[in-house]
Amino acid sequence: MRILVDADACPVKDEVYKVAWRHAVPVVIVSNSWLRVPQHPLVSRQVVSDGFDAADDWIAGQAGAETVVITADILLADRALKAGSKVLAPNGRPFTTSSIGAAIATRAIMADLRAGGDQIGGPRPFSAADRSAFLQALDRELVSLKRLTQS
C-alpha cells in the first residue's frame, strides 16, 4: 500500500503525512519542482519534468489496486480509477467509477463557458471542514485497503 499525492497545489500534504504515519503507509509526493517534505522513512519525493501532465503521467503509471491517489485533477482521477486506485480530492470527496463521468462532463461544460467569455466563479475557499472531511476520508480508505490486502 502507498499514497501518491499530486502535490503542486495540494492543500492537505500535512494531513496526508499524519494519517500515513499512523497507518505506517508510504507516501510519495509528486511535483514538477522541488518541494520540502518531512525527513521520514515513509515519505519520499518524486520530482518530474515541468512538461504538460508530467506529474499526472507519473502518478497514473504508478497507480494500482493498493494505492490511494490524492488529487483535485479530474482527468488524473479518472486515470487512477481505471488503474484500480482509490482516489480522494483534497476536500475528502472520493472520486468513484460511478461519479467520475459526471465530474468530467461538468469540467467540460465549465471549460466551454470560460472559453466563451462567461464570468463564472471558481471553487469555494478551502475550509477547516474540508480539511477535517479529508482526514476522515483518507483514514477510512486506508482502513479499507488494509482489510482488502490482509484477506
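Me: Before we look at charges, which residues count as positive and which as negative?

Reply: Lys and Arg count as positive, Asp and Glu as negative, while His and the chain ends are not counted. In this model, which is a predicted one, the protein chain has 17 positive and 16 negative charges, and their mean positions lie 7 Å apart.

Me: Thanks! How many helices and strands should I look for in the protein chain?

Reply: You should find five helices and six strands. Read from the N terminus, their order is β-α-β-β-α-β-α-β-β-α-α. The radius of gyration is 16 Å, close to the 15 Å from the globule rule for 151 residues, so the protein chain is as compact as a globular protein of that length. If you set up a box along the principal axes, the C-alpha atoms fill roughly 50 × 35 × 30 Å.

Me: What share of the residues is buried, and what does the exposed surface consist of?

Reply: Of the 151 residues in the protein chain, 38% are buried. The exposed area is about 8300 Å², with carbon and sulfur atoms supplying 54% of it.

Me: How do I read contacts along the sequence?

Reply: Take the contacts with a separation of 6 or more: residues 24 or more positions apart account for 48% of them in the protein chain. Val5 makes a nice example. Setting aside neighbours within four places in sequence, its contacts are Cys10, Lys13, Val16, Val27, Val28, Ile29, Val30, Ile59 and Ile70.

Me: Where do the nonpolar side chains go?

Reply: In soluble globular proteins, nonpolar side chains tend to be buried together. Here the largest nonpolar core has 22 residues, and Ile3, Val5, Ile70 and Leu138 touch the most other members. Two or more residues of this core come from each of β1, α1, β2, β4 and α5. Helix α5 gives the most, with five residues. There is also a second, separate core of 20 residues, which includes Val30, Val48, Ile59 and Leu81.

Me: Let's zoom in on one helix. Which residues of α1 are buried, and what covers them?

Reply: Helix α1 spans residues 13-23, and its buried residues are Lys13, Glu15, Val16, Tyr17, Val19, Ala20 and His23. The cover over them includes the strands β1 (2-6), β2 (27-31), β3 (43-47) and β4 (67-70), together with helix α5 (128-150).

Me: And which residue follows α1, with what sign of phi?

Reply: That is Ala24, whose phi is positive, near 55°.

Definitions and conventions. Residues are numbered from 1 along each chain as its sequence is written. This is a predicted model: local features need pLDDT of at least 70, side-chain atom pairs count only at pLDDT 80 or more; totals for chains, interfaces and linings use all residues. Side-chain values use heavy atoms; hydrogens and water are left out. Helices (H or I, at least four residues) and strands (E, at least two) are DSSP runs, numbered from the N terminus. The radius of gyration is taken over C-alpha atoms; the globule rule is 2.2 Å times the number of residues to the power 0.38. Buried means under 20% relative accessible area, exposed over 50%, partly exposed in between (1.4 Å probe, protein chains only). Contact means heavy atoms within 4.5 Å. Accessible areas come from the Shrake-Rupley method with a 1.4 Å probe; for residues, only the protein chains shown count as cover. The place of a charge is taken as NZ of Lys, CZ of Arg, CG of Asp or CD of Glu. A nonpolar core is a set of buried Ala, Val, Leu, Ile, Met, Phe, Trp, Tyr and Cys residues joined through side-chain atoms within 4.5 Å.
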